[in-house]
Amino acid sequence: MTQKLLLGAIADDFTGATDLANNLVRAGMRVVQTIGVPSQPLAADVDAVVVALKSRTAPVAEAVAESLQALHWLRAAGARQIYFKYCSTFDSTPEGNIGPVTDALMQALGTSFTVATPAFPDNQRTVFKGYLFVGDVLLNESGMQNHPLTPMADPNLLRVLQPQTARRVGLIDHRTVGAGAEAIAARVADLQAEGVGIAIVDAVSNEDLLRMGPAFAGLPLVTGGSGLAIGLPQNFGIQASPQAGTLPPAQGLRAVVSGSCSRMTNAQVAHFIAGGRPALALDPVRIAAGEDVAAQALAWAEPLLADGPVLIYSTADAGAVKGVQEQLGVEAAGAMVERTIARIACGLVERGVQQLVVAGGETSGACVQALGIAQLQIGAQIDPGVPWCHAPGTPGLHLALKSGNFGSEDFFSKAFGVLA
Ligand SMILES: Nc1ncnc2c1ncn2[C@@H]1O[C@H](COP(=O)(O)OP(=O)(O)O)[C@@H](O)[C@H]1O
Ligand SMILES: O=C(O)[C@@H](O)C(=O)COP(=O)(O)O
């Protein structure tokens, strides 16, 4: 890389990383997403690098160490501002990792203040008086209370974040945000004087996020969902450009694998099946019993692939997931299913799949790591937060990493139409 980076981002999962990269590309930045911390300098000139980690549910010490490694690489590449990307539904456990990673990044950057802005209005995530809404309901009524790994039972982000950090958590509320960049900057100064270290920021619209951009230009670190990104590129003199996002032409066979158990993914699986497309459900209990479920799934898929996309999924509703977790344990069930889907993804690519949709953040992390992908180029948006990406190679692979709750009901069929 010959030019210095403008923005360096650290994402706590892989779907979240493509979500952020998508918003930066749409705002005019040249962006590369790396899988993990790159082992060497990048070949191309880019404005932003998004380092994708699989740290959302990792043990705290591991998440902190990996995030600091990413920070080190991004600073060495010259990044002028650091962006810690986590989920727009603030996915975390009582231990973290949003608080501990934010604390560690602040300490390493020598800064005593940052913001936490998960709002993503394009995907109906809004924050009002510190309360997070998903569509018309509070976070804890949105289905996220049943998430297999990070159940979210409290919609008040000040209460969620405070136990995760030693710093004081405060609020920049919607009245201040609505009053514009100067009012936001003044509130930041007041909060700093009061000893607040991390401020949750309300936002109910893209206009709110755009007003924040200039107010946060001088912060060494910002944290949030991908929505915050829409207001930042302008700080570096960058305007939106229709040129961003061109990928090589798509080739090869098409498939979908899904390990997400979110409400929306359940609806997308049902829609794909109702459309008459071939779909195979994976049973975690059979995986645990030692059956070679991946080999069985690949044998099922092989003769069908030539006729269009197939779906292989472990997606299940909250009751079924709870039953499996009671039998196998939460972490063991998650890891076992992720490993199986990752093996299936590799097997599909070996059988000629070159257009692959993966549903689920942790699931995407497992698949992309197993596929040995180092970097992704970001292309056209399928639905808000989900672009097609391209991993170069011989042959290359088009990938769409779909966050659990993102995408319309017909996403699994629609996605391939966007590439055609
Ligand atoms: N049927 C199932 N029973 C139990 N756990 C499951 C099942 N299917 C998937 N999982 C696990 O649930 C987790 C879903 O997380 P993730 O892939 O991040 O989806 P999302 O994007 O919806 O959060 C993964 O660890 C996955 O392996
Ligand atoms: O910010 C978001 O909502 C997404 O980018 C994201 O991180 C979603 O995570 P998963 O639902 O686990 O895919």
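Which residues does UniProt list for "domain: Four-carbon acid sugar kinase nucleotide binding"? The unreviewed UniProt entry gives residues 255–412 for this feature, and the legends below place that span, the two ligands and several local details in a model that is predicted.

**View 1. The whole chain of the predicted model, with its secondary structure and its overall dimensions.** The secondary structure of the chain comes to 14 helices and 18 strands. With a radius of gyration of 20 Å, close to the 22 Å that the globule rule gives for 420 residues, the chain is as compact as a globular protein of that length. Taken along the principal axes, the C-alpha atoms of the chain fill a box of roughly 65 × 50 × 35 Å. Of the 420 residues in the chain, 52% are buried, and among the contacts with a separation of 6 or more, 75% are accounted for by residues 24 or more positions apart.

**View 2. The span that the UniProt record lists as the nucleotide binding domain, residues 255–412.** The name of this feature, "domain: Four-carbon acid sugar kinase nucleotide binding", comes from an unreviewed entry. In the model, residues 255–412 are 44% helix and 25% strand, and the C-alpha atoms at the two ends of the span lie 9 Å apart.

**View 3. The contact between domain 1 (7–236) and domain 2 (253–419).** The domain assignment of the chain gives these two domains, and their centres, taken over C-alpha atoms, are separated by 27 Å. The contact takes 26 residues from domain 1 and 30 residues from domain 2. On the side of domain 1 that touches domain 2, the elements giving two or more residues are H1 and strand E2 (31–35), and H1 provides the largest share, nine residues. Sorted by class, this side of domain 1 has nine nonpolar, eleven polar and six charged residues.

**View 4. The residues around ligand 1, with contributions from both domains.** The shell around ligand 1 receives residues from domain 1 (7–236) and from domain 2 (253–419), so ligand 1 lies between them. There are 24 residues around ligand 1, of which Ser 260, Gly 334, Val 337, Gly 360 and Gly 404 come nearest. At least two residues of this shell are supplied by each of helix H11 (318–328), helix H12 (330–350) and helix H13 (361–370), with the largest share, four residues, coming from H12. The residues of the shell around ligand 1 divide into nine nonpolar, 13 polar and two charged.

**View 5. The residues around ligand 2, with helix H1 (residues 14–26) as the source of the largest share.** Both domain 1 (7–236) and domain 2 (253–419) give residues to the shell around ligand 2, so this ligand lies between them. Of its 16 surrounding residues, Gly 16, Asp 19, Gly 361, Ser 403 and Gly 404 come nearest. Helix H1 contributes three residues to this shell, while by class the shell has two nonpolar, twelve polar and two charged residues. Gly 404 can be followed from the previous view to this one, being among the nearest residues of ligand 1 and also among those of ligand 2.

**View 6. The loop between strand E4 (81–85) and helix H3 (98–109), with a cis peptide bond and a residue of positive phi.** The cis peptide bond joins Gly 96 and Asn 97, with omega at about 15°, and Asn 97 lies in this loop. Phe 90, which lies in the loop between E4 and H3 as well, has a positive phi of about 55° although it is not a glycine. Phe 90 counts as buried because it has 24 C-beta neighbours inside 10 Å, where 20 or more are required.

**View 7. Lys 129 in the loop between strand E6 (125–128) and strand E7 (131–134).** Phi of Lys 129 is near 55°, a positive value in a residue other than glycine. With 13 other C-beta atoms within 10 Å, Lys 129 is partly exposed.

**View 8. Helix H7 (residues 206–215) and the elements against which its buried residues pack.** The buried residues of helix H7 are Asp 208, Leu 209, Arg 211, Met 212, Gly 213 and Ala 215. These residues pack against two strands, E5 (114–117) and E10 (196–201), and against two helices, H5 (174–178) and H6 (181–193).

Technical notes: Residues are numbered from 1 along each chain as its sequence is written. Chains are lettered from A and ligands numbered from 1 in the order in which they are written. This is a predicted model: local features need pLDDT of at least 70, side-chain atom pairs count only at pLDDT 80 or more; totals for chains, interfaces and linings use all residues. UniProt positions are given in the numbering used here, feature names are shortened, and annotations may be inferred rather than shown by experiment. A residue is near a molecule or strand if its C-beta atom, placed from the backbone, lies within 6 Å of it. Ala, Val, Leu, Ile, Met, Phe, Trp, Tyr, Cys and Pro count as nonpolar, Asp, Glu, Lys and Arg as charged, and the others, Gly among them, as polar. Domain bounds come from an automatic or database domain assignment. The radius of gyration is taken over C-alpha atoms; the globule rule is 2.2 Å times the number of residues to the power 0.38. A residue is buried if 20 or more other C-beta atoms lie within 10 Å of its own, exposed if 12 or fewer, and partly exposed in between; C-beta atoms are placed from the backbone. Two residues are in contact if their C-beta atoms, placed from the backbone, lie within 7 Å.
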